[in-house]
Amino acid sequence: ARMVLPIPGAVACRGSGQPIAAQDARSIRLQQRSPYAGAPLATTLPRDPSVMRPAGLQLAATASCSATLAAAVAAVKARRAGEQRGFVSRRANRGDGNAATGTTSRGGFPREPSVAASSGAVAQSPPEQLATDNATAQLDEWLLAQELPQPLRPILGSSAWSNFGAALVQFAVVAALSALGTLLEQGGPPEFYASKYPAFSGIILTLGFDHMYSAPIFVFLQVWLAASIAACTGTTQLPLAKRAQRFGFRSAKNVGRMGAFKMTVGSAAVSQDSTLEQPIASNGGDLSDAPVAAKRPEVEASRSRLLKLQASLQQRGFVVRLDEEECPGRLAASRGLVGKFAPIVVHLALLLCLAGGAAGLLFGSSSEVLLKDGGRADMGAVLEQGRRIKGPLYDLNPIRGLMSGTELHVEDFRIEYRENGDVEQFYSQIAVEDAKTKNKLFGDEIYVNKPLRYGGATVYQADWGLDRLQMYLNGKPIVVPLKQLPDEGGSRMWGAFIPEEIVAAKDPSELKRISNTRDGIVLVVENMRNVQVFGTNKALVGILRSPLAKVDKKMEGMPVQFGEKIQVDGSELRLDRVVGATGLIVKNDPGVPLVYLGYALLMPATLLSVLPFGQVWAAVGEGDDAGRLFVSGQANRNKPAFEDEVKAIVVSAVA
């Protein structure tokens, strides 16, 4: 089948098994080494016929139809007599006898890439796209101007323990130990672990897992991880970034060696017709200089294409360098240099996080305190005790003095329960007061995962307890202290004892001495809503309900008394309030700002590290290739898209 199509100075075709006639045509030849050459056919034609070139422009082409593709090639005539202009695919000079596809593999086998060539292949970028590309180029220019330190040489076998695989193993072990430290109660006495984990208490105490984050094995892993990250930065990432900063110009012969693909832009050999039109020396003059003179305009045309390519690359956000300003012959361009610098920032962020953790272990302190509702505690004194952890260099802590002279005051404590009786959340209203004047300096309500921060200290809601019962006995107010009972079956209970003499007294305040301390009533409390009352005969008499407890429906038909007041051994007992106690952790960690800074850098740097880094090289041919422009490029990510983009840029620049 023979077809003639008027097109706007370009054609996109795939090899069809037939040669393409292109007499004296200037061409773009793509010598492809990329594995992404097998893209589908794509031909770009303008939708509006009025913008097409004159109908007289045509190129004769021969194509054969197959079961999978009916290929058509277009032909255009020259604008002026004796010359044809256009872009066609030419056979790669590999001697394989196949049709010209414009692409060859390293083994000489033809491939089927898509070659989209059109004068409108790269449309004018919108203003916002240009602004983004210019910002990218400015950032790359700034990174190019930075002087990086000299890379380090591998020492002590760092190439083996500082690679990516070793880092993954280190992170996995640290994460596993951190998870174990979260699940395992920290800072408990040895008796606690012996009773709760009888089979593993020896391992827990020997390896220091009761203080996981200061255990020797955990500290060693952190130091090893920091050394691995620092070694990887100095021996791997710094050399990669410095190499990306360098613009290596390539000669016409070497321009395609570093790239994933190669394009040749230029004119074919000068035909006989055009040679006749060249000036002939008179009087038998020497004609040896005639071919050189004939080629000189082509060389200038290639340099012009090189400058156009420079402008197109700059418009697309590339940083471009020329070997010479006056008479350029080589070009080197790069884009996405931030993707090469971002891994260094990621490593720096990780080192900051590890440094913050180390600062907390060395200079920090953490202690816990149980304060009853209305109670007070000196923040500085609590931290000095260091019941959970206290760094060996805590005395050198620069913000240690900020907590002196301040007190924590528990203004209110409450617990919210689920319908099944389980604790849902517990809240503490905390005020920070001046120890001398009792003036309130700061206050906030805290709960689990919402701490209070003041003066370099952080106060966490960690635990809860019950402190006392406020009751009325025969109309007289009494306060009954509570004591926690031994833990049995995982339930927490508190108990109290009221001697029989107090229960029988009309006014308990008039009693001066209690002679019988063995007989009385027993109160058992499991939460802040109900109190179980056992009489002197050790039988359950009733259940006192707190006035603050919510009762959705009236309790009727119960075998025992239930309500805010009950009768016990002839006396009336009424519950006013169950007073709780809040368990607080006061922590002073000077490494927290470093950890926050590390995470602030880690998130954007991780995203930027996946940006592709692309390079483009171009050179004007020499010798027999004078007048031709050779272009190649490569990218470390998204290679097919980068290859198509460079093709389109070259086509639009030289069209």
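Student: What class of accessibility does C327 fall into, buried, partly exposed or exposed?

Tutor: Start from the cut-offs: buried is under 20% relative accessible area, exposed is over 50%, and partly exposed is in between (1.4 Å probe, protein chains only). C327 has 30% relative accessibility, so it counts as partly exposed. C353, at 16%, counts as buried. Keep in mind that this is a predicted model, in which local features need pLDDT of at least 70 and side-chain atom pairs count only at pLDDT 80 or more, while totals for chains, interfaces and linings use all residues. Residues are numbered from 1 along each chain as its sequence is written, and side-chain values use heavy atoms, with hydrogens and water left out.

Student: With cysteines in view, how many disulfides does the model have?

Tutor: The test is a pair of cysteine sulfur atoms within 2.5 Å, and by that rule the count is 0.

Student: How many helices and strands should I look for in the chain?

Tutor: Both are DSSP runs numbered from the N terminus: helices are H or I with at least four residues, strands are E with at least two. Here you will find 13 helices and 25 strands. Of the 655 residues in the chain, 41% are buried. The chain exposes about 35100 Å², and 55% of that comes from carbon and sulfur atoms.

Student: What share of the contacts joins residues at least 24 apart?

Tutor: A contact means heavy atoms within 4.5 Å. Taking contacts between residues at least 6 apart in sequence, 67% join residues at least 24 apart.

Student: How do I read a single helix, say helix 12, and which of its residues are buried?

Tutor: Begin with its span, where the expected value is 1.5 Å times one less than the number of residues. Helix 12 covers residues 592–608, 17 residues in total, and reaches 25 Å from its first C-alpha to its last, close to the expected 24 Å. An α-helix has 3.6 residues a turn, so residues three or four places apart point the same way. In helix 12 the buried residues are G598, L602 and A605, and their cover includes helix 9 (338–363).

Student: Which strands stand at the edges of the sheet 8-10-11-12, and why is one side of each left without a neighbour?

Tutor: Strands pair if DSSP finds at least two bridges between them. This open sheet has 4 strands in the order 8-10-11-12, with antiparallel pairing. Strand 8 (376–378) and strand 12 (440–446) are the edges; each has a single partner strand, so one side of each has no neighbour in the sheet. Inside the sheet, strand 10 (residues 406–417) and strand 11 (residues 423–434) run antiparallel and are joined by 11 bridges. T406 stands opposite D434 in strand 11.

Student: What is the pairing in the sheet of 6 strands?

Tutor: That open sheet, ordered 16-17-18-19-20-21, has mixed pairing. Its edge strands, 16 (483–484) and 21 (561–563), each pair on one side only. Strand 20 (residues 540–545) pairs with strand 21 in the parallel sense over 3 bridges, and L544 stands opposite G563 in strand 21.

Student: Is E645 buried or exposed, and which residues is E645 in contact with?

Tutor: E645, in helix 13 (residues 639–654), is buried, with a relative accessible area of 15%. Leaving aside neighbours within four places in sequence, E645 is in contact with R316 and R335. Another glutamate, E147, sits in the loop between helix 1 (127–144) and helix 2 (158–161). E147 is exposed, at 71% relative accessible area. Between E147 and K242 there are 8.8 Å, C-alpha to C-alpha, although the two are 95 residues apart in sequence.

Methods:
Areas by Shrake-Rupley, 256 points an atom, 1.4 Å probe, with all protein chains shown as cover.
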